[in-house]
Amino acid sequence: MTKFVYLFHEGNSNMRELLGGKGANLAEMTNIGLPVPFGFTISTQACNAYYAAGKEISPEVKEQIEDALYELERKTGKILGDQNQPLLVSVRSGSVFSMPGMMDTVLNLGMNDQTVEAIAHLTGNARFAYDSYRRFIQMFSDVVLQIDVYHFERLLEETREQKGYTADPELTAEDWKEVIIKYKEIVKEHTKQDFPQDPKEQLFLAINAVFDSWNNQRAIIYRRLNKIPDHLGTAVNIQSMVFGNMGNDSGTGVAFTRNPSTGEKILYGEYLINAQGEDVVAGIRTPQPIQVLSKDMPKVYDQFLQISQLLEQHYQDMQDIEFTVERGKLFILQTRNGKRTAQAAIRIAVDMVNEGIIDQQTALLRVDPDQLNQLLHRRIDDSYERQQLAKGLPASPGAATGQVVFDADEAEQLGNEGKKVILVRPETTPDDIHGIIASQAIVTSRGGMTSHAAVVARGMGKACICGCEALKIDLDAKQFSVGNTIVHYGDVITIDGSTGEVMLGEIPMIDPQLSEEFQQLLSWADETRQIGVRANADNPADAKKSLEFGADGIGLCRTEHMFMDIKRIPIVQEMILAETSEERKQALDQLLPMQQGDFEGIFLEMKGHPVTIRLLDPPMHEFLPDKEDLIVDVTKLQLTEPNSAELKRKEKLLKKVQQLAEFNPMLGHRGCRLGMIYPEIYEMQVRAIFNAVAKLTEQGMTVTPEIMIPLVGHVNELKRMRELVINIANQVMGEQSMHFDYTVGTMIEIPRAALTADEIAEQADFFSFGTNDLTQTTFGYSRDDAEGKFLQAYIEQKVLPENPFAVLDQQGVGKLIQTGVSLGRQTKPSLKTGICGEHGGEKKSIEFCYQAGLNYVSCSPYRVPLARLAAAQATIKHGIVKEQMTVASK
């Protein structure tokens, strides 16, 4: 018989796939003797069986749940539904990978009209008992009965106002009884049935609801965002309740063993006195810093501090711990590896190496390369005089500017239109996940540093301010006010998530400064990685930035970007409009010194590092005005200035645009095909390169350009273009009476090139796989059309696992790359290979490139640090590090 249900002491931390992260950690903490309330876990296998059976719990699973419940009752001396010693339990989800707030939880289960009286009698605290009962009705109705929590919150708010209260703890037992009667009326109104009184019925309905929440919309969005597989399912944890709302000797909180925003080694968190855990997480009340607990309950604080240190040492990682204090007794409800900002992740990893807790390889694997992007963008310029509008809690660092929106759906809509928005809410809920994703930042007027908004924003690397109580938000009017200042929907604000400041308007920002820990981690990555990392850079500024970020060279310099300069476009158009090769050469002679200056600047910045220069790639029409715009201009001029020179010029331009028009420009007259038909264009570019090399060589610099011929599909194309390059090189060396080295290679971006790479390698010194075009030509997709029309639907419907333009398609495009490398090296064993599409800065694609035996990847300058770390991680996972790294000394 398959075992579907495990008592906590039957599991351990290695059973995450079966028990989920929460269940595995509860089991582990139980086994190491921590004060964990007793309970059991229903496995992820039971969840999958539930869905396989048409969303029904099988008799076998039900029987095992009943047996475990009996053990729980025996252990606690309490019985579910008993009128003398009633057992109350929590029912919580627990996926394999942490998904905070995405799935459902029910607390205080087992309460009904009888057990509430028993609890009031046993505790001598009727207010506590009825408060717990109304919480249960509200949560159960929301999670299980699908009644919008708004109805309950509105009633509660009206009750507080009527009685002149400002906070929930002011309500008396009699007040709560009144609220409970009205809550039940809400349930009857919406479900046409009474609120369920049978605790066993409550239990199985709650288990069903948790299983169902695995596939709620917010969980699906979160899994898609974080690339969590859909087949894993969720476990369900049934745990005996402990209560933080039994008076001023009780409380609840969440704490991190280190600061999740900065990584500082200090206990970081908050708690609420006389409250339950949901009050902290949901942001309903603004909590106190955890250090206040040391004054309110010093013995409890000391015990919690010791347990926190024990858990961090045990798991060898920063922990996120939920706890409850019931009448002065501490209980640990959950621990997990804490979500953290990129800045914190790096500092914690490096500090833990220096503290002897982990080694350097573990530290490198501990930081997600995608997180590094959070550190490589701008922050508010400190020299700018800030005019603070309001200040809240600095929940997630970083700065952002955007238009104010008050609704997650509006945030998503405007974000999809390319607008920058900041989501402002009283507090966020898991249902707001799509709006958070679309926003630049989040601001809430309630909640603390461990509220939903804070945790989710930190995980995404978005700036966030919580508990900004000065903001009086009017969701109906779509505005918020601070004193006499009113900010409307669509107004622009700037926020600083590092300080908690909210400011009106757009504020100047500056480039980031990277920490010593950041540099240390990347230096370890460079010592470890066995694949090069280059940058895609088309100008001296980008080249300089590439070196600053640690690039080994330039893997792609796109020369067409140099032609797009507004001062050069007229000359480029002259070249295109030329009727004879002589006319074309006159225009090219004007472009030659400009191109030479471009290359000199890039070579100077790269200080001898390799530079791969791709000759002109796009079709000529891209340098000309839009055909439709020209037709409009010509028509207007024919009516208003029929004899003007401007009309003649535009008619000539329109005629050329029509001549150059192609049915499918992506597969048309571009790349080496231009060089074959108009060799003078490539001759100019090559001469500009070698003139720059000669000039810098004369100045004592060593420059070795790598000249790349784009869009080669047949060896004869590369053979002709290679001869052109060699001829120009020989001419320049003869004219300058000097010798310099260079190489000639090609971009593999057509399937035929990969399949005939053994022939093409005869004429190539290197291959660079242009994975953007190779993906287009392999799938037969036009990227712009695919992404705009059907690709997202393909991903949502699981036709494709991921966007192949973002993450390399290893089964298709990847096989062509492997084939190209293998065939090319059959001809030339030492053939250098790399990739220079956008995949060069994506961690999974980098891992594939390492396994495929490529020499380097190339990506945008700002993704170079990410690529360096991902390359080191790939080496650790799949390679043999030559020297075993040791733990750094303190």
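Biologist: Which element gives the largest share of the lining of the second largest pocket?

Modeller: In this predicted model, the second largest pocket has a volume of about 750 Å³. Of the 31 residues that line this pocket, the closest to its centre are Arg614, Asp617, Arg670, Asn772 and Asp773. The elements giving two or more residues to the lining are β27 (554-558), α20 (560-563), α30 (771-779) and α31 (783-789), and the largest share, 3 residues, comes from α30.

Biologist: How many residues of the lining of the second largest pocket are charged?

Modeller: The residues closest to the centre of this pocket include Arg614, Asp617, Arg670 and Asp773, and Arg and Asp count as charged. Over the lining as a whole, the residues divide into 9 nonpolar and 10 polar, while the number that are charged is 12.

Biologist: Which helix supplies the largest share of the largest nonpolar core?

Modeller: The largest nonpolar core has 154 residues, and those with the most contacts inside it are Phe603, Phe690 and Ile709. The largest share of this core, 11 residues, comes from the helix that spans residues 679-698, namely α26.

Biologist: With which residues is Ile709 in contact, leaving aside its neighbours within four places in sequence?

Modeller: Ile709 is one of the residues with the most contacts inside the largest nonpolar core. Once its neighbours within four places in sequence are set aside, the residues in contact with Ile709 are Leu615, Cys672, Leu718, Met721, Val725, Val744, Gly745, Thr746 and Met747.

Biologist: How many residues has the other core, which lies apart from the largest one?

Modeller: In soluble globular proteins, nonpolar side chains tend to be buried together. Here the other core lies apart from the largest one and has Ile57, Phe136, Met139 and Ile238 among its residues, of which there are 61.

Biologist: Is Gln731 buried or partly exposed?

Modeller: Gln731 lies in helix α27, which covers residues 715-736. Buried would require a relative accessible area under 20%, and exposed one over 50%; because the relative accessible area of Gln731 is 36%, this residue is partly exposed.

Biologist: What is the distance of the polar contact that joins the side chains of Gln731 and Arg687?

Modeller: Gln731 and Arg687 are 44 residues apart in sequence, and their C-alpha atoms are 8.9 Å apart in space. The side chains of these two residues are joined by a polar contact of 2.4 Å.

Biologist: What is the volume of the largest cavity?

Modeller: The structure holds 4 cavities of 30 Å³ or more. Of the 12 residues lining the largest cavity, the closest to its centre are Arg92, Leu107, Met241, Val242 and Leu333, and β5 (89-95) and β7 (234-240) are the elements that give two or more residues to this lining. The volume of the largest cavity is about 110 Å³.

Biologist: How many polar residues are in the lining of the second largest cavity?

Modeller: The second largest cavity has a volume of about 70 Å³, and its lining includes Met575, Arg584, Lys656 and Tyr678. Both α21 (569-577) and α24 (645-660) supply at least two residues of this lining. The lining residues divide into 7 nonpolar and 2 charged, and the number that are polar is none.

Biologist: Is Asn274 buried or exposed?

Modeller: Asn274 lies in the loop between β9 (268-273) and α10 (277-281), and has a positive phi of about 55° although it is not a glycine. Because its relative accessibility of 14% falls under the 20% cut-off, Asn274 counts as buried.

Note on methods. Residues are numbered from 1 along each chain as its sequence is written. This is a predicted model: local features need pLDDT of at least 70, side-chain atom pairs count only at pLDDT 80 or more; totals for chains, interfaces and linings use all residues. Side-chain values use heavy atoms; hydrogens and water are left out. On a 1 Å grid over the protein atoms alone, a cavity is a set of points where a 1.4 Å probe fits but cannot get out, and a pocket is an open set with protein on both sides within 12 Å along at least five of seven lines; lining residues have an atom within 4 Å of a point. Grid points are joined across faces, edges and corners, and a volume is the space filled by probe spheres set on the points. Helices (H or I, at least four residues) and strands (E, at least two) are DSSP runs, numbered from the N terminus. A nonpolar core is a set of buried Ala, Val, Leu, Ile, Met, Phe, Trp, Tyr and Cys residues joined through side-chain atoms within 4.5 Å. Buried means under 20% relative accessible area, exposed over 50%, partly exposed in between (1.4 Å probe, protein chains only). Contact means heavy atoms within 4.5 Å. A polar contact is a pair of N or O atoms within 3.5 Å; within protein, one must be able to donate a hydrogen and the other to accept it, and residues adjacent in sequence count only if both atoms are side-chain atoms.
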